[in-house]
Amino acid sequence: MYILLAIGVMALVTYLPRAIPLILMKKKIQSKFLQSFLYYVPYTVLAAMTFPAIFSSTGSLLSGIVGAGISIGLAFLGGSLLQVSIVAVSAVYIMNLF
C-alpha cells in the first residue's frame, strides 16, 4: 500500500507543475519581457545543472576546465554536438593520462 501511495504522490507532484499553467493561463502572454524570459529558462536550468558536473566529474579541476574550454570554443566556432562531445571527451581523457 505504501508503494502505491508513493507512486500516486510522485505522479501528482510531477503532473501539477505542468497542469497548473494550462489551467491558469487562458490568454496568450503579451509581455515581450516575459516571453523572452520564459524562452531562456530551459537553457539556463540546463547550464546550471551541467556546469558543476563538468568540473567535478573528472576528478581534476584542470581537466574539467580544459574540457569545458575546448567544448565552448568548438561550439562557438560552429561545431556540431557530436564533434564537440567527441573532442571534449578526448581532450579530458588525454589530460587525465598525464
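This is a chat about ring pairs and the largest pocket in a predicted model.

Student: Anything I should know before we start?
Tutor: Residues are numbered from 1 along each chain as its sequence is written, and side-chain values use heavy atoms, with hydrogens and water left out. As the model is predicted, local features need pLDDT of at least 70, side-chain atom pairs count only at pLDDT 80 or more, and totals for chains, interfaces and linings use all residues.

Student: OK, how many aromatic pairs are there?
Tutor: Three. Rings of Phe, Tyr and Trp (its six-membered ring) pair if their centres lie within 6.5 Å; planes under 30 degrees apart are stacked, over 60 edge-to-face, and the rest tilted.

Student: Which category do Tyr39 and Tyr40 fall in, and why?
Tutor: Their planes are at 85°, with centres 4.9 Å apart, so that pair is edge-to-face. Ring pairs also link Tyr39, Tyr40 and Tyr43 into a cluster.

Student: And what about Phe51 and Phe55?
Tutor: Their ring centres are 6.1 Å apart and the planes sit at 90°, so this pair is edge-to-face.

Student: Is Phe51 buried or exposed?
Tutor: In between: at 40% relative accessibility, Phe51 counts as partly exposed. Buried means under 20% relative accessible area and exposed over 50%, with partly exposed in between (1.4 Å probe, protein chains only). Phe55 is partly exposed at 30%.

Student: Switching topic, what classes of residue line the largest pocket?
Tutor: The lining has 13 nonpolar, six polar and no charged residues. Here Ala, Val, Leu, Ile, Met, Phe, Trp, Tyr, Cys and Pro count as nonpolar, Asp, Glu, Lys and Arg as charged, and the others, Gly among them, as polar.
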